[in-house]
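The following report describes selected helices, side-chain contacts and surface features, with the criteria behind each term. Please read it alongside the sequence and the coordinates.

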Amino acid sequence: MTVVGPFGLSVRDQALEADVQAGLAAVEEGLLEATKSEVPFITGAAQHLVRAGGKRFRPLLAMLAAQFGDPYAPGVVPSAVVVELTHLATLYHDDVMDEADVRRGVPSANSRWDNSVAVLTGDFLFARASHILADLGPDAVRIQAEAFERLVTGQILETAGPRDGRDPVDHYLDVIGGKTGSLIAVAGRFGAMMSGADDTVVDVLTQYGERLGVAFQLADDVLDIASDSHESGKTPGTDLREGIPTLPVLRLRERAARLGHAEDLALCALLDSDLSDDARHREALTRLRAHPALEQARRDTVRYAQDARAALGPLPECYAKAALVELCDAVVHRAG
């Protein structure tokens, strides 16, 4: 059993391990090449998060999906680079919106430079992703465009909040299906499609990626509350401080509305207060970490990971399928 990549996936077959490692190494080279500019400052800003590392979750999924066709097909690595570049670009923009100070254990681009540099660097990465995408054909361009539309729509819906009468948890799950699930679904789809896998396999891996993507984001929600900065690579409670209603908070509010317990209502009031105050922020984190709402969010994460695992049912039994199943377990493990 060999651990592959920063995400810690265990691979039980030497040939599969070699293919995945080679693919991820090629993606890394592709990322560095795609983020070079004739302007040294742009190169530095564009490679800031690339060199900070990361789980490379989306490229890993693309490499595993490609095992159901020809993993050496010429479009596999470039398509994985496109997906990761797009993801990196969104991180630059997200950190501006969230006023984040830390990303992947290093100062965020907006805190190292300023918001304008961070936004424009994100735009630069989108442009480079589009340039690579153009060589992958019109179907790939359309798929990426549709996913990007969903991603942006999810971000807008998060900002706008649920419409009157809409269940906040259902609204939030739609948001993260767009913000996170859409691009992870594309990673699975591109990996299978570029490898020449048949349409049924492409559809299965797209559905798997969508469901796993939601589980992945829910695990991040739990980590934002439960972890320290060493584990998560960013400041704990960042979403909490910014008033972003992640799933543990939504589950708390749901419970408070349903049961009316004084301690739940008091914690909701604390979360509604000014959490830019460090003492209040620490208190909110401490109390939420001990609250049943956090465990409910963990159970939600498990449920989506199980749905992703179930989606793999039609695929033939092989080492790549076993690795995809284990990826579901790895996502759940992140949430504790």
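Helices (H or I, at least four residues) and strands (E, at least two) are taken here as DSSP runs, numbered from the N terminus. This is a predicted model, in which local features need pLDDT of at least 70 and side-chain atom pairs count only at pLDDT 80 or more, whereas totals for chains, interfaces and linings use all residues. Residues are numbered from 1 along each chain as its sequence is written, and side-chain values use heavy atoms, with hydrogens and water left out.

## Helix H8 and its surface patch

Glycine 161 follows helix H8 and has a positive phi, near 85°. The expected span of a helix is 1.5 Å times one less than its number of residues; for the 23 residues of H8 this gives 33 Å, and the end C-alpha atoms are 32 Å apart, which agrees. In what follows, buried means under 20% relative accessible area, exposed over 50%, and partly exposed in between (1.4 Å probe, protein chains only). By that criterion the buried residues of H8 are Ala140, Ile143, Gln144, Ala147, Leu151, Gly154 and Gln155.

Isoleucine 156, by contrast, is exposed, with a relative accessible area of 52%, although this residue also lies in H8, which runs over residues 138-160. Together with Phe148 and Val152, Ile156 forms a nonpolar patch on the surface, the three having about 240 Å² of accessible area together. Patches are made of residues with over 30% relative accessible area and no salt bridge, like charges being joined within 9 Å and nonpolar side chains (Val, Leu, Ile, Met, Phe, Trp, Tyr) within 5 Å. The accessible areas come from the Shrake-Rupley method with a 1.4 Å probe, and for residues only the protein chains shown count as cover.

## Salt bridges

Side chains of opposite charge can pair when their charged atoms come close. A salt bridge is counted when a side-chain nitrogen of Lys or Arg lies within 4 Å of a carboxyl oxygen of Asp or Glu, and the structure holds 18 of them. Three are listed below.

| Salt bridge | N to O distance |
|---|---|
| Lysine 36 and glutamate 33 | 3.3 Å |
| Arginine 241 and aspartate 278 | 3.4 Å |
| Arginine 255 and aspartate 264 | 2.8 Å |

Aspartate 278 lies in helix H15 (residues 278-289) and arginine 241 in helix H12 (residues 238-241), so this pair ties together parts that are 37 residues apart in sequence. Both partners are partly exposed, aspartate 278 with a relative accessible area of 45% and arginine 241 with 30%. In the bridge between arginine 255 and aspartate 264, the arginine is partly exposed at 23%, whereas the aspartate is buried at 1%. Lysine 36 is partly exposed, with a relative accessible area of 44%. Beyond these pairs, Arg251, Glu254, Asp300 and Arg303 are linked in a network of salt bridges.

H12 also contains aspartate 239, which counts as buried at 9% relative accessibility. The C-alpha atoms of aspartate 239 and isoleucine 225 are separated by 8.7 Å, the two residues being 14 residues apart along the chain.

## Aromatic pairs and helix H4

Rings of Phe, Tyr and Trp (its six-membered ring) pair if their centres lie within 6.5 Å; planes under 30 degrees apart count as stacked, over 60 as edge-to-face and the rest as tilted. This rule yields a count of two aromatic pairs. One of them joins phenylalanine 57 and phenylalanine 216, which are stacked at 4.4 Å centre to centre with 10° between the planes. The pair links distant parts of the chain, with phenylalanine 57 in helix H4 (residues 57-65) and phenylalanine 216 in helix H10 (residues 199-226), 159 residues apart. Both phenylalanines, 57 and 216, are buried.

Arginine 58 likewise lies in H4 and is buried, with a relative accessible area of 7%. Its C-alpha atom is separated by 7.1 Å from that of alanine 80, 22 residues apart along the chain.

## Helix H17 and the cysteines

For helix H17 (residues 319-334), the 16 residues should span 22 Å, and the end C-alpha atoms are 22 Å apart, which agrees. The buried residues in H17 include Ala320, Leu324, Leu327, Ala330 and Val331, and charged side chains also appear among them, including Lys321, Glu326 and Arg334.

Cysteine 328 counts as buried at 1% relative accessibility, while cysteine 318 counts as partly exposed at 32%. With a disulfide defined as a pair of cysteine sulfur atoms within 2.5 Å, a search of the whole structure finds zero disulfides.
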